[in-house]
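Got the viewer open? Here is a short tour, stop by stop, of what to select and what to look for.

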Amino acid sequence: MSPVHTFPLQLRFGDEDSYGHVNNVRFLQFLEDARLSLMHESRPEGSFMELIDPDHYTLVGRQEIEYRSPLTVSMEPAAVDLWVTAVGGSSFDLGYAVRDRVAVDGSTTSAIAATTMVLVSRSTGRPVRLSGEQKAVLLSWQGPPVPFRRTRAGARA
């Protein structure tokens, strides 16, 4: 099974800005929608979110997005590809590609992105360790690093 999950995305006229392309702020919402869909995806052992007890939740610790090509509204759905790039003690990193259509053949990548999610205690507000079950689910979705043109340190790749 591929670690990359593809989520269709129906763009709306209101997603475009005065420049005639989808506004950059909407991209972060697209990433969130895909992330929530993956985290709630039904699995035999339960969804990832079902493996989190009521005293814990996940928070966005960091986001990075690189815009590559304008995205415009079309009747054909766009797509968000999503996978896990790293799993740590209390955090995990996700990689994304936002494409102009669901079909991979002939699609154009409009943006690539990465998000670091942190498992946090509701009572203390502090990070807590991911359980073995949680890590196993995340590792089943592990794929390649996000191919940013610049590394996180700012140097050109």
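Before anything else, a term to carry along: rings of Phe, Tyr and Trp (its six-membered ring) count as a pair if their centres lie within 6.5 Å. With that in hand, select Phe27, Phe30 and Tyr67, which ring pairs link into a cluster. Keep in mind as you look around that this is a predicted model.

**Stop 1: the rings**

The structure holds three aromatic pairs. One of them is Phe27 with Phe30: the centres are 5.8 Å apart and the planes make 55 degrees, a tilted arrangement. Why are these two about one helical turn apart? Because they sit three residues from each other in helix α1. As a rule, an α-helix has 3.6 residues a turn, so residues three or four places apart point the same way. Are Phe27 and Phe30 buried or exposed? Both are buried.

Now switch to Phe48 and Phe92. Their ring centres lie 5.5 Å apart with the planes at 70 degrees, so this pair is edge-to-face. Phe48 belongs to the loop between α1 and β2, while Phe92 is in strand β4, so the pair ties together parts that are 44 residues apart in sequence. Check the surface here too: Phe48 has a relative accessible area of 0% and is buried, and Phe92, at 1%, also counts as buried.

**Stop 2: the sheet**

Hide the side chains and show the cartoon. You should find an open sheet of five strands, ordered β1-β3-β4-β5-β2, with antiparallel pairing. Which strands stand at the edges? They are β1 (5-9) and β2 (56-67); each has a single partner strand, so one side of each is left without a neighbour in the sheet. On average, neighbouring strands are turned by 25 degrees against each other, direction ignored.

Next, walk along the pairings:

- β1 and β3 run antiparallel and are joined by five bridges; select His5 and you will find its bridge partner in β3, Leu82.
- β3 and β4 pair in the antiparallel sense over eight bridges, with Asp81 opposite Ala97 in β4. A hairpin of three residues takes you from β3 to β4.
- β2 and β5 (residues 109-121) are antiparallel too, over 11 bridges. Here Val60 stands opposite Met117 in β5.

Pause on β3. How many of its 10 residues are buried? Eight are, so β3 is largely enclosed by the rest of the structure.

**Stop 3: the helices**

Bring up helix α1, residues 24-39. This helix packs on the sheet, touching β1, β2, β3 (78-87), β4 (91-99) and β5, and its direction makes about 135 degrees with that of β2.

Then pick helix α2, residues 132-140, which lies across β3, β4 and β5 and runs at about 130 degrees to β3. Which residues of α2 are buried? Select Gln134, Val137 and Leu138: these are buried. Look down the axis of α2 and its buried residues fall within an arc of 95 degrees, so they line one face of the helix. Their cover includes α1, β3, β4 and β5.

For a last click, turn to the face of α2 that points away from its buried side, where you will meet the exposed residues Gly132 and Glu133.

Technical notes: Residues are numbered from 1 along each chain as its sequence is written. This is a predicted model: local features need pLDDT of at least 70, side-chain atom pairs count only at pLDDT 80 or more; totals for chains, interfaces and linings use all residues. Side-chain values use heavy atoms; hydrogens and water are left out. Two strands pair if DSSP finds at least two bridges between them. Helices (H or I, at least four residues) and strands (E, at least two) are DSSP runs, numbered from the N terminus. Axes are lines fitted to C-alpha atoms, for helices over the stretch in contact, and angles run from 0 to 180 degrees between N-to-C directions. Contact means heavy atoms within 4.5 Å. Rings of Phe, Tyr and Trp (its six-membered ring) pair if their centres lie within 6.5 Å; planes under 30 degrees apart count as stacked, over 60 as edge-to-face and the rest as tilted. Buried means under 20% relative accessible area, exposed over 50%, partly exposed in between (1.4 Å probe, protein chains only). The arc is that of the directions from the helix axis to the C-beta atoms.
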